[in-house]
Amino acid sequence: MTLFRRASRREDPARRLQTRLVHQAASLLLAYPDEQMAERLDTVEALVDHIDEPARGRLTRTAAYLRRSSLLDAAEAYVDTFDLRRRSTMYLTYWTAGDTRNRGSEIHAFVQTYREAGAEPPVGEAPDHLPVVLEFAATVAPEAGERLLVAHRVPIDVLHRALVGDDSPYADTVAAVCATLPPVDEAQEQRARRLMHAGPPAEAIGLQPFTLTVPPRRDAHDRREGP
């Protein structure tokens, strides 16, 4: 999956390499299963050879699930997991702003971060979609990408909890991403629990310039489940 037009060539310290490899592999594994899925899995399998445990095992388990799934089965499971269930959405601003007027400005902040790094926002996917952010962190601007991920640490943790609760094969990949971020502190832990219980803020107005609901793509959006 190549969503950005230009990648940064700035060298990073060796200690950052593992994080970038995990973010790249996770971005590929969390992409919608389409005709390029097999090619993405080839790339993931090459990447995990250079990733240390326990992340290697976690990413490998998700990759193995996708390898043994037909394209149709994988796509249906993906839609059911990420598009039809609000509690496991990968749109990070949904959990910080919900369907409120603040969400447009939060999404715009992602766009600004991408542009400041010299990359145009992705075409065909929302800027706050977790796989997009992970690819940005892996291939464009690791420090800026990590700041976005850290700023949305609680939504990522909520996503992980939901996937674990559903016994999803994607839980391992999100766990690998979580392990690259600072641990959740007590305040974040309490916030994650509140969000899991009560859901995000609600105020369905003023989402320009991006008008998004969850899930915003594919025709399945009319059959959403609640949190």
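These exercises, with worked solutions, explore a predicted model of one protein.

**Exercise 1. The overall build**

State how many helices and strands the protein has, and what pattern they follow along the sequence.

*Solution.*
Step 1. Count the elements: there are eleven helices and zero strands.
Step 2. Read them in sequence order: the pattern is α-α-α-α-α-α-α-α-α-α-α.
Step 3. Turn to burial: 51% of the 227 residues count as buried.
Step 4. Look at the contacts with a separation of 6 or more: 74% of them join residues 24 or more positions apart.
Step 5. Finish with the surface: about 10,900 Å² is exposed, and carbon and sulfur atoms supply 49% of it.

**Exercise 2. Helices H1 and H2**

Decide whether H1 and H2 are roughly parallel or roughly antiparallel.

*Solution.*
Step 1. Recall what is needed: two packed helices are described by the angle between their axes and the distance between the axes.
Step 2. Locate the pair: H1 covers residues 17-29 and H2 covers residues 37-48.
Step 3. Take the values: the angle is about 155° and the axes lie 9 Å apart.
Step 4. Apply the cut-off: angles over 145 degrees count as roughly antiparallel. H1 and H2 are therefore roughly antiparallel to each other.
Step 5. Add the handedness: H1 passes H2 in a left-handed crossing.
Step 6. List the contact: H1 brings Leu-21, Gln-24, Ala-25, Leu-28 and Leu-29, while H2 brings Arg-40, Leu-41, Thr-43, Val-44 and Leu-47.
Step 7. Sort these residues by class: seven are nonpolar, two polar and one charged.

**Exercise 3. Two backbone exceptions**

Find where the cis peptide bond lies, and which residue has a positive phi although it is not a glycine.

*Solution.*
Step 1. Start from the general rule: most residues other than glycine have a negative phi, and most peptide bonds are trans.
Step 2. Find the cis bond: it joins Glu-53 and Pro-54, with omega about 5°.
Step 3. Place Pro-54: it sits in the loop between H2 and helix H3 (55-68).
Step 4. Find the positive phi: Asp-167 has a value of about 55°.
Step 5. Place Asp-167: it belongs to the loop between helix H9 (153-165) and helix H10 (171-179).
Step 6. Check its surroundings: Asp-167 has a relative accessible area of 68%, so it is exposed.

**Exercise 4. Helices H9 and H10**

Describe how H9 and H10 pack, and which residues meet.

*Solution.*
Step 1. Take the values: the angle is about 150° and the axes are 9 Å apart.
Step 2. Name the arrangement: H9 and H10 are therefore roughly antiparallel.
Step 3. Give the handedness: their crossing is left-handed.
Step 4. List the contact: Arg-153, Ile-156, Leu-159, His-160, Leu-163 and Val-164 of H9 meet Ala-171, Val-174, Ala-175 and Cys-178 of H10.
Step 5. Sort by class: eight are nonpolar, one polar and one charged.

Technical notes: Residues are numbered from 1 along each chain as its sequence is written. This is a predicted model: local features need pLDDT of at least 70, side-chain atom pairs count only at pLDDT 80 or more; totals for chains, interfaces and linings use all residues. Side-chain values use heavy atoms; hydrogens and water are left out. Helices (H or I, at least four residues) and strands (E, at least two) are DSSP runs, numbered from the N terminus. Buried means under 20% relative accessible area, exposed over 50%, partly exposed in between (1.4 Å probe, protein chains only). Contact means heavy atoms within 4.5 Å. Accessible areas come from the Shrake-Rupley method with a 1.4 Å probe; for residues, only the protein chains shown count as cover. Axes are lines fitted to C-alpha atoms, for helices over the stretch in contact, and angles run from 0 to 180 degrees between N-to-C directions. Angles under 35 degrees count as roughly parallel, over 145 as roughly antiparallel, 65 to 115 as roughly perpendicular and the rest as oblique. A crossing is left-handed if the near helix is turned anticlockwise from the far one by less than a right angle, and right-handed if clockwise. Ala, Val, Leu, Ile, Met, Phe, Trp, Tyr, Cys and Pro count as nonpolar, Asp, Glu, Lys and Arg as charged, and the others, Gly among them, as polar.
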